[in-house]
2 protein chains.
Amino acid sequence: MKKNEIGPRTFIYPMPVTLVGANVNGKPNFTTIGYCGAINHNPPMISVGINQKHYIRIGMNQNKTFSVNIPSSDMVKITDYCGVVSGHKVDKSQIFEVFNGKLENAPMIAECPLNLECKVVQTILYPMQEVFIGEVIAAYAEDKFLTNGLPDIKKMKALVFSMHDNNYWTIGENIGKAWSIGNELKDKLKE
Amino acid sequence: MKKNEIGPRTFIYPMPVTLVGANVNGKPNFTTIGYCGAINHNPPMISVGINQKHYIRIGMNQNKTFSVNIPSSDMVKITDYCGVVSGHKVDKSQIFEVFNGKLENAPMIAECPLNLECKVVQTILYPMQEVFIGEVIAAYAEDKFLTNGLPDIKKMKALVFSMHDNNYWTIGENIGKAWSIGNELKDKLKE
């Protein structure tokens, strides 16, 4: 086995593709973000890393609220579009059907199978990104995207993103239950 | 369209499944972490959220270094196993072929298609997790997992994780190029 050293990058596979929403100067804006991950389990907290030049950052700092919307793979073109046009130049407030939840300034996308409404609990400035740590205040989904009351990644047809080679993918096949299928190795590895 | 409010959780889809590595008291330890995301593009920085009870946290704080290893879906059982047994009780130092890179204390898993060697640049204590912000110092992969010098998510057969319903998935089909397929909507949406 010969491992090559490849130039360091943010090589996380898979990455999610999210549409982050905020009101900027009173108007809904949405941008496409892969730099999104979970941070703390309870209370639920997530991080989004926003390029410091991005228009949406203005609104996130104005209101200290934002949304994270999980698009389906049927929405791949419009999701990509929100990443290729900037709110500095294009008004994205009319693209989607927008709804609001408990917070005044966390516009959410009705067309997305899953919506998270977030309150900013911390911001951290890194060299290129400002990272917003958000507490998830509420989540929204239609029945058809749920199984046993929880989001179902297959029903939602969640998008998968590979950054660096810039590809979108669908979810493949189920290959097992977490915190479960590893149990059968417990005895084997003791031998 | 009727959206239900569902109890807030860390509903990020998809999540990656990583094996985080660190030396604890001089011995390699690995644990399974879904709370991993990109934070800053350049220099490349990532976050990993480690449950405060997790054994590996001791080593990450001792050495201020760690690794993130991306397993393939062929490794789903052993990946899950590393999440179901605790380093407090079980010695996981012999499970994998371990190699080291530039840092002294960031043990990496040879069997994993992609390895990131990280230096801790910040730690933040949240209610349940300690979040380690790591700068990726180097990355390693065999030729067979690369396309044009970059990791190839399909060749690696990266695992996809859906937390909350606890399922592992494979990567599906390619459905388009990022920062590209959205361009065709530019004119349409102007109409």
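## Two chains and their shared side

In helix α2 (residues 76-84) of chain A, six residues are listed as buried: A:Val76, A:Ile78, A:Thr79, A:Asp80, A:Tyr81 and A:Cys82. Buried means that 20 or more other C-beta atoms, placed from the backbone, lie within 10 Å of the residue's own. Helices (H or I, at least four residues) and strands (E, at least two) are DSSP runs, numbered from the N terminus. The cover over these residues of α2(A) includes β3 (18-24), β4 (27-33) and β15 (167-177) of chain A, plus β15 and α4 (185-188) of chain B.

This is a predicted model: local features need pLDDT of at least 70, side-chain atom pairs count only at pLDDT 80 or more, and totals for chains, interfaces and linings use all residues. Residues are numbered from 1 along each chain as its sequence is written, while chains are lettered from A and ligands numbered from 1 in the order in which they are written.

Now the contacts. Residues are in contact if their C-beta atoms, placed from the backbone, lie within 7 Å. The two sides compare as follows.

| Chain | Residues in contact with the other chain |
|---|---|
| A | 92 residues |
| B | 92 residues |

On chain B, strand β15 (residues 167-177) gives the most to this side, with eleven residues.

Strands also pair across the chains (at least two DSSP bridges). Strand β1 (residues 3-6) of chain A runs antiparallel to strand β11 (residues 129-142) of chain B, joined by four bridges. A:Glu5 stands opposite B:Tyr140 in β11(B).

Finally, symmetry. A rotation of 180° with 0.0 Å of shift along its axis superposes chain B on chain A, with RMSD 0.0 Å. The two copies are therefore related as by a two-fold rotation axis. The superposition is by least squares on the C-alpha atoms of residues with pLDDT of at least 70 in both copies.

Methods:
Two residues are in contact if their C-beta atoms, placed from the backbone, lie within 7 Å. A residue is buried if 20 or more other C-beta atoms lie within 10 Å of its own, exposed if 12 or fewer, and partly exposed in between; C-beta atoms are placed from the backbone.
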